[in-house]
Amino acid sequence: MANYSISANQLTEGSSVFIRGKLAFARLTSLIEGAALAASDQRKVQNGMSPVGKPHTTATITEAEVQFADPANPTVEEQFVSERRYTSKKNPASGANYSIDSKGTNLPIIAIPSEKGDGTYDQDTSGQELAQGLDVTLVLRVYKPKNFANRGLSLDQVIVHETPRYYNAGGVASGELAARGIVFNAPPRAVQAQPGSGSAVGNGEEPVATEVEDGLSFPAPQPAVAASVAAPVPAQAHAQVLTEPVAATPQAAPAVAPVAAPVPVVQPQQETPEQKLARLERENAELKNAGSAVGAPAGQGPWGGSGDAQQAGITYQG
């Protein structure tokens with residue numbers, strides 16, 4: 001562990017420190033939180049660092065130099081920040097590095113040179129992350145966390161000293177576009193595909209079930225056996241089965257009339273009611289057996305239930 005001459009409890013709350021360098025990495029326009037925070041903390045622990053544990057913004061600069069208000073008489077806070085610069089093991093040629101994880105829900109103010117060219121600055125409200133390599137100054141402020149004796153540093157502002165460039169994930173650099181006469185009025189931003197788009201189909205993923213406006217999904221296609229169940233039972237046969245047990249009732253006979261173009265089915269006159277009942281039970285059993293044999297596990301009928309069609313409210317008649 002490095003030995004520092006200045007400790008955090010020596011800092012004065014509310015004082016500021018300016019440190020300038022080249023932006024190496026930053027997350028300034030949105031908080032690192034949720035799953036991103038968990039992943040970030042895990043990486044820190046694996047690298048021997050302490051996890052942040054709270055939503056935060058972050059920035060790392062290379063070639064970092066503290067901008068002393070009076071170089072001959074640096075403040076305690078300026079010395080504190082200067083001592084905490086470090087050399088990157090992966091990139092030692094980047095000079096002194098400085099990193100800050102700024103806890104809290106406030107995003108830092110990003111200041112960019114005004115288009116007027118008069119040396120003033122405007123606040124960047126584009127919502128885009130700054131590009132790597134920009135010449136920036138980080139403005140740090142000393143604060144005292146609740147329930148802690150020591151002081152901490154927060155990242156209050158990021159001042160950009162050149163025309164701003166923005167992080168472009170995999171896109172074409174704006175300079176290359178400008179060289180070809182293509183200039184955007186505002187820097188373009190990547191557009192994320194919406195979940196459930198048709199592009200997922202064909203990539204090994206199952207298409208999402210279609211929903212109607214009332215929120216109910218369309219009925220799933222029924223197995224082919226469901227249609228074949230009713231085929232062997234003529235409409236005229238249904239009428240006969242229903243009318244024979246109530247033959248003495250005059251109102252039962254007209255039930256045959258609504259059937260369009262009836263096909264006469266001649267039943268054996270010698271079949272007794274007991275024989276007819278036995279035949280119907282046998283046909284029902286054959287139909288149920290046929291339903292469970294087509295692509296369904298044993299004991300499971302075409303409706304996904306127990307295989308008993310009568311439990312589904314369906315009774316087959318001869």
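User: Which residue is the bridge partner of Ser-16 in strand 7?

Analyst: The partner is Arg-141. The model is predicted, with local features needing pLDDT of at least 70 and side-chain atom pairs counting only at pLDDT 80 or more, while totals for chains, interfaces and linings use all residues. Residues are numbered from 1 along each chain as its sequence is written, and side-chain values use heavy atoms, with hydrogens and water left out.

User: What makes strand 1 and strand 7 a pair?

Analyst: Two strands pair if DSSP finds at least two bridges between them. Strand 1 (residues 16–32) and strand 7 (residues 135–143) are joined by seven bridges and run antiparallel, so the pairing criterion is met. Another of these partnerships is Val-17 with Leu-140. Strands here are DSSP runs of E with at least two residues, helices are runs of H or I with at least four, and both are numbered from the N terminus.

User: How many bridges link strand 1 to strand 2, and in which sense?

Analyst: Eight bridges link strand 1 to strand 2 (residues 56–66), in the antiparallel sense. Phe-25 stands opposite Thr-60 there.

User: Why is one side of strand 3 and of strand 6 left without a neighbour in the sheet?

Analyst: Eight strands form an open sheet of mixed pairing, ordered 3-4-2-1-7-8-5-6. Strand 3 (86–87) and strand 6 stand at its edges with a single partner strand each, so one side of each lacks a neighbour in the sheet.

User: What makes the pairing mixed?

Analyst: Strand 5 runs parallel to strand 8, with three bridges, and Ala-111 is partnered by Ile-159. Strand 5 also pairs with strand 6 (residues 121–123), but in the antiparallel sense, over three bridges.

User: Why is Arg-84 said to sit over the ring of Phe-80?

Analyst: The rule asks for NZ of Lys or CZ of Arg within 6 Å of the ring centre and within 35 degrees of the ring normal. The charged end of Arg-84 is 3.5 Å from the centre of the Phe-80 ring, so the distance limit is satisfied. Arg-84 also lies over the face of Tyr-4, at 4.0 Å from the ring centre.

User: What is the largest nonpolar core, and which element gives the largest share?

Analyst: This core has 29 residues, and those with the most contacts inside it include Ile-19, Val-81 and Leu-138. A core joins buried (under 20% relative accessible area, 1.4 Å probe, protein chains only) Ala, Val, Leu, Ile, Met, Phe, Trp, Tyr and Cys residues through side-chain atoms within 4.5 Å. Strand 1 gives the largest share, five residues.

Terms used
Buried means under 20% relative accessible area, exposed over 50%, partly exposed in between (1.4 Å probe, protein chains only).
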